[in-house]
Amino acid sequence: MDWGPVGAEAAAADCEVAVVVDVLSFSTTLTVAADRKVQVYPFRVNDTAARRFAESRGATLAVPRSSAGAGEVSLSPRTVRAAPVLERLVLPSPNGSTISAQLAATGATVLGVSLRNRHAAGAWLRRRGQPGLRLAVIAAGERWPDGSLRPAVEDMWGAGALLDALLADGWTDLSPEASAAAASYRAVAGDLYCALRDCASGRELVADGCPDDVRIAAELDLSDAVPVLRDGAFHPS
């Protein structure tokens with residue numbers, strides 16, 4: 001288990017499967033899209049290149065959350081859930097999408113995991129084969145204004161939720177970092193919504209008028225879908 005783009009590069013160098021966890025909100029939005037059988041193309045930034053890419057795929061481009069109008073889709077999971085028609089989505093994200101692309105470049109199989117689908121992802125990994133599967137779990141984190149990593153506790157909880165489920169399923173040989181993440185999840189498991197609402201990222205979302213995004217992120221084990229990155233897009237599995 002490691003953090004951010006640099007941690008992803010280091011941890012994925014010797015793994016077969018890599019998991020990206022960005023609870024508020026990339027991987028939560030990803031699982032909501034997967035529930036609807038939507039293909040999601042991760043994209044690093046929302047710019048002209050993203051618009052051209054979306055047009056070439058016949059996909060909807062998610063707009064910035066702060067500027068989303070009525071009926072528009074953004075990084076907010078609420079907007080993906082509410083969209084009347086959605087088949088393919090280009091989802092720019094400076095953290096989750098960037099890390100997903102990095103992980104895919106290593107040749108690892110990449111999964112998107114949030115609190116919503118951690119049991120489904122655990123079952124997927126069990127079918128993949130254990131013992132012996134080399135797994136990297138990457139907490140995306142956020143960025144400070146200077147571009148450096150700001151560890152985000154909600155991503156540690158999301159990573160820890162998956163790891164806790166794997167431990168309960170008989171997995172062994174977790175790194176100390178992975179074991180610490182699992183313990184951090186257990187510390188808040190009794191009231192995930194309040195923990196998410198009160199953490200720094202949750203407070204930012206509530207202040208920005210997006211409390212529903214926090215509620216959706218707290219939907220523990222509600223999703224049976226596992227987004228798997230293939231040929232540049234996450235496909236529900």
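Ala, Val, Leu, Ile, Met, Phe, Trp, Tyr, Cys and Pro count as nonpolar here, Asp, Glu, Lys and Arg as charged, and the others, Gly among them, as polar. All views show a predicted model, in which local features need pLDDT of at least 70 and side-chain atom pairs count only at pLDDT 80 or more, while totals for chains, interfaces and linings use all residues. Residues are numbered from 1 along each chain as its sequence is written, and side-chain values use heavy atoms, with hydrogens and water left out.

**View 1. The largest pocket has a lining of 19 residues.** A pocket is an open set of points on a 1 Å grid over the protein atoms alone, where a 1.4 Å probe fits, with protein on both sides within 12 Å along at least five of seven lines; lining residues have an atom within 4 Å of a point. The space in this one comes to about 450 Å³, taken as the space filled by probe spheres set on the points, which are joined across faces, edges and corners. Look for Leu-24, Arg-65, Leu-75, Glu-142 and Glu-204, the lining residues that lie nearest the centre. By class, the lining holds 7 charged, 7 nonpolar and 5 polar residues. Strand S8 (142-143) and helix H10 (200-207) each bring at least two residues to the lining, and H10 gives the most, with 3. Helices (H or I, at least four residues) and strands (E, at least two) are DSSP runs, numbered from the N terminus.

**View 2. Helix H2 is largely enclosed by the rest of the structure, because 9 of its 10 residues are buried.** Buried means under 20% relative accessible area, exposed over 50%, and partly exposed in between (1.4 Å probe, protein chains only). The buried residues of H2 are Phe-26, Ser-27, Thr-28, Thr-29, Leu-30, Thr-31, Val-32, Ala-33 and Ala-34. Thr-29, within the H2 span of residues 26-35, has 0% relative accessibility. Leaving aside residues up to four places away in sequence, Thr-29 touches Ser-74, Leu-75, Ser-76, Pro-77, Val-80 and Leu-91, where contact means heavy atoms within 4.5 Å. Ser-25 sits in the loop between S2 and H2, and the peptide bond from Leu-24 to Ser-25 is cis, with omega near 20°. After H2 comes Lys-37, whose phi is positive, near 65°.

**View 3. Two separate nonpolar cores can be picked out, and the largest has 40 residues.** A nonpolar core is a set of buried Ala, Val, Leu, Ile, Met, Phe, Trp, Tyr and Cys residues joined through side-chain atoms within 4.5 Å. In the largest core, Met-1, Leu-111, Leu-125, Leu-162, Leu-163 and Leu-196 have the most contacts inside it. At least two residues of this core come from each of strand S2 (17-21), H6, S7, helix H7 (153-168), helix H8 (176-188), helix H9 (192-198) and helix H11 (211-217). H7 gives the most to this core, with 6 residues. Beyond four places in sequence, Leu-111 touches Val-17, Ala-18, Val-19, Val-20, Trp-124, Leu-125, Val-226, Pro-227, Val-228 and Phe-234. The second core has 29 residues, among them Ala-12, Ala-18, Val-32 and Val-40.

**View 4. The model holds 3 aromatic pairs.** Rings of Phe, Tyr and Trp (its six-membered ring) pair if their centres lie within 6.5 Å; planes under 30 degrees apart count as stacked, over 60 as edge-to-face and the rest as tilted. Phe-26 and Phe-234 meet edge-to-face, 6.3 Å centre to centre and with 65° between the planes. This pair links distant parts of the chain, 208 residues apart: Phe-26 is in helix H2 and Phe-234 in strand S11 (residues 233-236). Both partners are buried, Phe-26 at 0% relative accessibility and Phe-234 at 1%. Tyr-41 and Phe-53 are also edge-to-face, at 5.4 Å and 75°. Tyr-41 lies in strand S3 (residues 39-43) and Phe-53 in helix H3 (residues 48-57), so this pair ties together parts that are 12 residues apart in sequence. Tyr-41 is buried, at 9%, and forms one aromatic cluster with Phe-43 and Phe-53.

**View 5. Asp-173 and Asp-231 are loop residues with positive phi.** Asp-173, in the loop between H7 and H8, has phi near 65° and is exposed, with a relative accessible area of 78%. Asp-231, in the loop between strand S10 (227-230) and S11, has phi near 55° and is exposed too, at 82%.
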